[in-house]
Amino acid sequence: MFHFLKLIKQLQHPDSKMKALKELDLFAVKNERNRKYMVEAGVPRAMPSFIVNCFKEDCVSGLEEALSALFLIRIPSAEAKLLPKQNDQIIKSLIWVLGCEFNTQVDNLGRIDLRGLLKVTAGYGKQVSLSILHGDKVTFKQAFQPEKRELRISSSIPEHCLAGSTLENISFEVIDSKGDVDGTFHDDEKCGRFHTLVVKSESHQIDDSIHYAFKHGRCNIASLPLPQTEGPLFFKAFHSRYTELYCDVEVGKKSCAYQFHD
């Protein structure tokens, strides 16, 4: 309960109120025991006060979290009757809340439109799932399989490479499940799309701080210096963000035997 009292105090400070609200909302969602302790700590009284402050400041920041937590823990009926007497602004505040616009509003059929708000964080080839909970009960769950993508080398490597020489124009491409190049892998910093290739080797020193840009699904390395020492060179080329997209390459100097492991 001490932690909930601490969070209630943090609601009064602008720098910590959002973090405190999110924690209270998460605790309320988790289980009934948390909600019981939150009631005992005074959260049902603190949340209406926070809503009134939002009304006075005409600020909706944190309002959704406060309403969500308040909905989950419920205000005991005895306390609810006292609210208008303890705070004469509560009715005006609630009327103001009804006119506020939020990113996720419930329509007249009880539906919430989440288009554009959900983001897949799992990598390619990994399963993701969506769960909707009401209290502790899972009311809806669905699993999804992200589309498959593969990074492969599309250029040929010379049959004979000399130690200390340079490999030129090594090309890679990202392939979709149909075998076509995925042109959406296009590096564009201005639009916030970061698609670059990194080359790394554990057996030899290669500058892995260099990022090679993808252009419409393809990436070309103009030159890659080979070590002066003889023997095979192993290196991995991988997408800087989606590291599950990689291609292992082995280059044999002198004999130049090479293999690809996708």
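Strands are DSSP runs of E spanning at least two residues, and they are numbered from the N terminus. In this predicted model, Ser201 is found in the loop that connects strand 5 with strand 6 (212–213). Ser201 counts as buried because its relative accessibility is 13%, which falls under the 20% cut-off. Its side chain reaches the backbone oxygen of Phe234 at 2.6 Å, and Phe234 also appears among the residues that Ser201 touches beyond four places in sequence, together with Ile206, Leu233 and Phe235.

A second loop residue, Asp187, is located between strand 4 (166–175) and strand 5 (196–200). Asp187 is buried but forms no salt bridge, since the nearest side chain of opposite charge, that of Lys215, is 5.1 Å away, whereas a salt bridge requires the charged atoms to be within 4 Å. A polar atom of the Asp187 side chain does, however, lie 3.0 Å from the backbone nitrogen of His195. When neighbours within four places in sequence are set aside, the contacts of Asp187 comprise Arg193, Phe194, His195 and Thr196, as well as Ala213, Phe214 and Lys215.

Strand 4 also takes part in an open sheet of 3 strands, in which the order is 3-4-7 and the pairing is antiparallel. Strand 3 (150–153) and strand 7 (218–225) are the edge strands of this sheet, each pairing on one side only, and neighbouring strands are turned against each other by 25° on average, with direction ignored. The antiparallel pairing of strand 4 with strand 7 extends over 7 bridges, and Ser171 stands opposite Asn220 of strand 7.

Notes. Residues numbered from 1 in each chain as written. Predicted model: local features only at pLDDT ≥ 70, side-chain atom pairs only at ≥ 80, totals over all residues. Heavy atoms only, no water. Helix = DSSP H or I, 4+ residues; strand = E, 2+ residues; numbered from the N terminus. Buried < 20%, exposed > 50% of the residue type's maximum accessible area, 1.4 Å probe, protein only. Lys, Arg positive; Asp, Glu negative; His and termini not counted. Polar contact = N/O pair within 3.5 Å; in protein donor to acceptor, adjacent residues only side chain to side chain. Contact = heavy atoms within 4.5 Å. Pairing = 2+ DSSP bridges. Axes fitted to C-alpha atoms, helices over the stretch in contact; angles between N-to-C directions.
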